[in-house]
Amino acid sequence: MTSNPPTPAAARVAQVIADNLLPATVRIEAPPTGAKPSSYFAVVNPADQASFAWLREQSAEHAKIAVTQALDGQQKWAARPARERAGILRRWADLLIQNKQVLAELLHLEQGKPMAEAEGEICYGASYIEWFAEEAVRVYGSTIPGPNPAKDIVVVKEPVGVVAAITPWNFPNAMLARKAAAALAAGCAIVAKPAAETPLSALALQQLAIRAGVPAAAFALIVGTDAKGIGEVLTQHPAVAKFTFTGSTKVGRMLAAQCSGTVKRLSLELGGNAPFLVFEDADIEAAIAGVLLAKFRNAGQTCVCANRILVHDSIYDEFAERLAEQVEQLELGPLIHPQAAAKVATLVDNAVAAGATIVRKGSPPSEQKGRAALSSWFGGVVLTGVTAEMAIAREEIFGPVAPVLRFSDERQAIALANDTEFGLASYVYSRDHGRLWRVAKALKFGMVGMNDAAISNAAAPFGGVKQSGYGREGSQYGLDDYLSIKYLSVGGQ
């Protein structure tokens with residue numbers, strides 16, 4: 001131990017280690033004297049940029065070993081009755097809820113979410129584990145009438161095998177939970193690389209899975225900063241049958257190309273540029289509440305964030321002003337790191353230089369003002385006068401900025417909404433149910449919230465179209481991505 005007392009964050013992590021919710025390999029002091037700087041990496045609190053835990057680097061070689069072990073572990077796990085696997089998953093979900101407070105504190109420390117949001121993510125992640133526990137016993141096959149009386153056609157579903165996953169930092173518990181739960185429910189083993197910014201949430205999730213009864217070989221984590229080297233193993237190893245990734249479209253394209261040599265099953269949940277359409281007959285209060293949820297959750301760092309707020313001319317000024325009043329009152333957490341805040345600031349500055357106007361700007365919490373070191377903080381912003389040509393309307397912002405664009409009729413609104421390479425989430429608010437259905441059908445997105453901004457839940461198929469990827473997570477369809485269909489032709493009867 002160092003001679004200095006641990007910070008409050010490190011002290012809390014020490015208690016979590018003592019409670020066996022984190023492996024003992026997590027350190028709460030700096031690496032020992034003489035250790036190579038490259039042998040450990042730090043976990044940083046985005047609120048104050050202070051390192052509060054250290055982990056030993058794992059490499060591509062560790063990933064290879066984990067995949068080899070998972071190959072044997074998967075066969076043993078798949079051999080267990082589906083009801084037994086389901087019971088283990090249910091215990092895992094129960095353990096998440098029982099330890100919700102501690103898991104939320106870990107998430108808060110390494111990712112920056114306010115505690116209420118962090119607790120919400122733990123419950124969200126648990127809901128996927130519970131859902132797939134129930135789906136594990138419903139992997140049904142079928143029989144099909146044969147072409148003649150002497151032949152039967154039987155269709156069965158089998159686990160694809162070893163699954164590799166790379167998960168993001170913005171929902172480090174829930175994104176890993178919904179991939180791992182689906183894979184394990186199907187009888188697959190999973191080897192996952194969580195984001196280096198948020199390894200503690202992933203490690204705690206894995207520890208609880210093992211405590212519930214999931215074999216360690218069936219659920220392995222590779223923690224480290226060598227994203228390129230580890231990623232190449234997970235995408236190119238011949239023993240990996242399926243690869244799943246949540247992250248940017250740019251990285252997703254690269255990973256998909258790496259998978260092509262071994263023709264792996266792929267699920268990609270990539271970038272978004274979600275439009276939020278507000279028609280003149282919408283319930284304005286409900287629409288504003290929807291924007292606050294869809295845009296400013298997790299300080300705007302979600303893939304389904306409302307990236308462009310499209311508002312009808314007749315209510316544009318009123319809507320923007322009322323939205324700005326609400327945004328000014330929001331309490332937001334920090335962005336994940338200073339570079340993220342700098343990118344958002346550049347997008348805002350460029351939009352203003354091109355003619356947009358800052359209606360009103362929120363501020364970081366009062367105790368953070370004036371402290372230059374806290375450069376991850378970025379107050380909420382509402383921008384008017386934004387046009388479709390501006391970068392802020394074309395790029396995924398990933399920050400608490402709401403660009404408000406005008407439209408004059410339904411046709412123009414649909415055209416503006418669809419004018420993007422992305423196709424993940426979209427939202428439309430109107431009291432006219434005929435319009436709601438027309439617009440929803442015309443929007444080229446995998447998910448549409450109709451007078452609803454809370455579209456993510458375990459029962460719904462989450463995923464996109466176009467450059468936002470393919471495959472679905474959650475729902476009855478989410479299990480299919482981890483199963484292969486086998487046809488048995490039965491003759492001689």
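**Close-up views of a predicted model**

**View 1. Asn-298, tucked into a loop.** Asn-298 sits in the loop that runs between helix H10 (284-296) and strand E11 (306-312). Keep in mind for this and every other view that the model is predicted. With a relative accessible area of 2%, Asn-298 is buried. Leaving aside residues up to four places away in sequence, Asn-298 touches Gln-111, Lys-113, Glu-117, Asn-170 and Phe-171.

**View 2. Strand E6 and its enclosed side chains.** Here we look at strand E6, residues 189-193. Five of its five residues are buried, so the strand is largely enclosed by the rest of the structure. Which way do the side chains go? Ala-189, Val-191 and Lys-193 point one way from E6, while Ile-190 and Ala-192 point the other way. That fits the usual picture: in a regular strand, side chains alternate between the two faces of the sheet. Yes, the lysine belongs to the buried set too: Lys-193 is buried along with the others.

**View 3. The neighbours of E6 in the sheet.** E6 pairs with strand E5 (residues 162-166) in the parallel sense, over five bridges. One pair to look for is Val-163 with its bridge partner in E6, Ile-190. E6 also runs parallel to strand E7 (residues 219-221), and three bridges join the two. For a landmark in this second pairing, find Val-191, which stands opposite Ala-220 in E7.

**View 4. Two crossovers that share E6.** Follow the chain from E5 through helix H6 (residues 174-186) to E6, and you trace a right-handed β-α-β unit. Carry on from E6 through helix H7 (residues 199-212) to E7, and you have a right-handed β-α-β unit again.

**View 5. Helix H6, from one end to the other.** H6 has 13 residues and reaches 18 Å from its first C-alpha to its last, close to the 18 Å expected at 1.5 Å a residue. How much of H6 is covered? The helix is mostly covered, with 13 of its 13 residues buried. Just after H6 comes Gly-187, which takes a positive phi of about 100 degrees.

**View 6. Ala-174 and what it touches.** Ala-174 is found in helix H6. At 0% relative accessibility, this alanine counts as buried. Not counting residues up to four places away in sequence, Ala-174 touches Glu-121, Tyr-124 and Gly-125. For a sense of scale, Ala-174 and Val-448 are 274 residues apart along the chain, and their C-alpha atoms are separated by 21 Å.

**View 7. Aromatic pairs, with a tyrosine couple in H5.** The count comes to six aromatic pairs. In one pair, the rings of Tyr-124 and Tyr-128 have their centres 5.1 Å apart and their planes at 75 degrees, so the pair is edge-to-face. The two tyrosines are four residues apart in helix H5 (residues 115-135), which puts about one helical turn between them. An α-helix has 3.6 residues a turn, so residues three or four places apart point the same way. Tyr-124 counts as buried at 12% relative accessibility, and Tyr-128 counts as buried at 0%. Elsewhere, ring pairs link Phe-276, Tyr-427 and Tyr-429 into a cluster.

**View 8. Lysines over ring faces.** Which ring does Lys-242 lie over? Lys-242 lies over the face of Tyr-482, at 4.7 Å from the ring centre. Lys-466 lies over the face of Phe-445, at 5.5 Å from the ring centre.

Definitions and conventions: Residues numbered from 1 in each chain as written. Predicted model: local features only at pLDDT ≥ 70, side-chain atom pairs only at ≥ 80, totals over all residues. Heavy atoms only, no water. Buried < 20%, exposed > 50% of the residue type's maximum accessible area, 1.4 Å probe, protein only. Pairing = 2+ DSSP bridges. Right-handed = clockwise from strand over helix to strand, strands pointing away. Contact = heavy atoms within 4.5 Å. Expected span 1.5 Å × (residues − 1). Phe/Tyr/Trp six-rings, centres within 6.5 Å; stacked < 30°, edge-to-face > 60°. Lys NZ or Arg CZ within 6 Å of the ring centre and 35° of its normal.
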